[in-house]
Amino acid sequence: MFDFGFMEILLVCVVALVVLGPEKLPRLVRTLGQWVGRGRAMMKQMQQQLENEARNLDMKERREKIQRELALLQGDPVEKKAAQKSLPLKDVESP
């Protein structure tokens, strides 16, 4: 994502050491590390939630398709018409 080389990182560290001094630098690095850890944890949690939602949506679509196919097999005329309208033409078998 960021294209930092070794020299750029070294330059930032030297400037931070000069500006902040050796007393405040460890506390700053610790705080920065905590923020990065929290950010990673939030991103991981969001990714898991998105994967769960995608899985739930896929299962819902599969369940609806199976219910339409069952209605067709059972020969229910009301649900048969509704199922035929919602199914693509290639999925509906002609008698």
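**Close-up views of a two-helix model**

**View 1. The overall fold.** Two helices and zero strands make up the secondary structure here; both kinds of element are DSSP runs numbered from the N terminus, with helices (H or I) of at least four residues and strands (E) of at least two. This is a predicted model, in which local features need pLDDT of at least 70 and side-chain atom pairs count only at pLDDT 80 or more, while totals for chains, interfaces and linings use all residues. Residues are numbered from 1 along each chain as its sequence is written, and side-chain values use heavy atoms, with hydrogens and water left out.

**View 2. The surface of the protein.** About 9100 Å² is exposed, 62% of it supplied by carbon and sulfur atoms; accessible areas come from the Shrake-Rupley method with a 1.4 Å probe, and for residues only the protein chains shown count as cover. Of the 95 residues, 6% count as buried (buried is under 20% relative accessible area, exposed over 50%, partly exposed in between).

**View 3. A nonpolar patch that includes Val18****.** Phe6, Met7, Leu10, Leu11, Val14, Val15, Val18, Val19, Leu20 and Leu28 make a nonpolar surface patch of about 990 Å². Such patches take residues with over 30% relative accessible area and no salt bridge, joining nonpolar side chains (Val, Leu, Ile, Met, Phe, Trp, Tyr) within 5 Å and like charges within 9 Å. Val18 lies in helix H1 (residues 6-74) and is exposed, at a relative accessible area of 66%.

**View 4. The salt bridge between Asp58 and Arg62****.** A search of the whole structure finds one salt bridge (a side-chain nitrogen of Lys or Arg within 4 Å of a carboxyl oxygen of Asp or Glu). Asp58 pairs with Arg62, their closest N and O atoms being 3.3 Å apart. The two residues are four residues apart in helix H1, so about one helical turn separates them. Asp58 is partly exposed at 33% relative accessibility, and Arg62 is exposed at 55%.

Key
Buried < 20%, exposed > 50% of the residue type's maximum accessible area, 1.4 Å probe, protein only.
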